[in-house]
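Colleague: I would like to learn how to read a model of this kind, feature by feature. Could we look at it together?

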Amino acid sequence: AGTGVAPFLGFLQERAHHQKAGVLIGEAWLFFGCRHPDQDFLFKNDFDSFRQSGVLTGFHVAFSRLDPNRKVYVQDLIREQGQELRQLLHN
């Protein structure tokens, strides 16, 4: 867990740098998935910081093992946010 999201941390760090320099940054959404928040939610503090500063405007996390009766994956969250995501991509 975490190796796929590591490059996106670099993108968010660059956005934070631009934001501090006064450059207007647009919206940035990230969909992240892991098994359980207490076991492998890597970079949680970094994501929280980026969200609080406005560098990351949409953050959706799927935990596939949190509820033994329902596995939630990133594609499920994308489907749930589909209308908003289409609007974001269109505009």
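Colleague: Let me start with a single residue: is Gly10 buried, partly exposed or exposed?

Modeller: Buried means under 20% relative accessible area, exposed means over 50%, and partly exposed lies in between, with a 1.4 Å probe and protein chains only. Gly10 is partly exposed, because its relative accessible area is 34%. Its place is in helix H1, where helices (H or I, at least four residues) and strands (E, at least two) are DSSP runs numbered from the N terminus. The C-alpha atoms of Gly10 and Leu30 are separated by 13 Å, although the two residues lie 20 residues apart along the chain.

Colleague: Before we go further, what kind of model is this, and which residues count towards each value?

Modeller: This is a predicted model, in which local features need pLDDT of at least 70 and side-chain atom pairs count only at pLDDT 80 or more, whereas totals for chains, interfaces and linings use all residues. Residues are numbered from 1 along each chain as its sequence is written, and side-chain values use heavy atoms, with hydrogens and water left out.

Colleague: How many helices and strands does the chain have, and what pattern does it follow?

Modeller: The chain has five helices and two strands, and along the sequence they follow the pattern α-β-α-α-β-α-α. Its C-alpha atoms fill a box of roughly 45 × 30 × 20 Å, taken along the principal axes, and of the 91 residues in the chain, 33% are buried.

Colleague: Where does the largest nonpolar core draw its residues from?

Modeller: A nonpolar core is a set of buried Ala, Val, Leu, Ile, Met, Phe, Trp, Tyr and Cys residues joined through side-chain atoms within 4.5 Å. The largest one here has 14 residues, and those with the most contacts inside it are Phe32, Phe41, Phe47, Phe50, Leu56 and Phe59. Two or more residues of this core come from each of helix H1 (6-20), strand E1 (29-34), helix H3 (44-53) and strand E2 (58-63). Apart from it lies another core, of five residues, which includes Phe31, Ala62, Val72 and Leu85.

Colleague: Which residues does Phe50 touch, once its sequence neighbours are set aside?

Modeller: A contact means heavy atoms within 4.5 Å. Not counting residues up to four places away in sequence, Phe50 touches Leu9, Leu12, Gln13, Ala16, Val55 and Leu56. Ala16 can be read from its own side as well: its place is in helix H1, it is buried, because its relative accessible area is 17%, and with the neighbours within four places left aside, Ala16 is in contact with Phe50 and Val55. The C-alpha atoms of Ala16 and Leu56 are separated by 9.1 Å, with their positions 40 residues apart along the chain.

Colleague: At what angle do H1 and H3 pack, and how far apart are their axes?

Modeller: Axes are lines fitted to C-alpha atoms, for helices over the stretch in contact, and angles run from 0 to 180 degrees between N-to-C directions. H1 and H3 pack at an angle of about 35°, with their axes 11 Å apart. The contact is made by Leu9, Leu12, Gln13, Ala16 and Gln19 of H1 together with Asp46, Phe47, Phe50 and Ser53 of H3.

Colleague: What about strand E2: are Gly58 and His60 buried or exposed?

Modeller: Gly58 lies in strand E2 and counts as buried, because its relative accessibility is 5%. Leaving aside neighbours within four places in sequence, Gly58 is in contact with Ala28, Trp29 and Leu30. His60, whose place is also in strand E2, is buried, because its relative accessible area is 17%. With residues up to four places away in sequence not counted, His60 touches Trp29, Leu30, Phe31, Phe32, Leu77 and Gln81.

Colleague: And where is the place of Gln81?

Modeller: Gln81 sits in the loop between helix H4 (74-80) and helix H5 (82-90). Gln81 counts as buried, because its relative accessibility is 18%, and, again not counting residues up to four places away, it touches Trp29, Phe31 and His60.

Colleague: Which backbone angle deserves a look at Phe43?

Modeller: Phi of Phe43 is near 65°, which is a positive value in a residue other than glycine. Phe43 lies in the loop between helix H2 (37-40) and H3, and it is partly exposed, because its relative accessible area is 30%.
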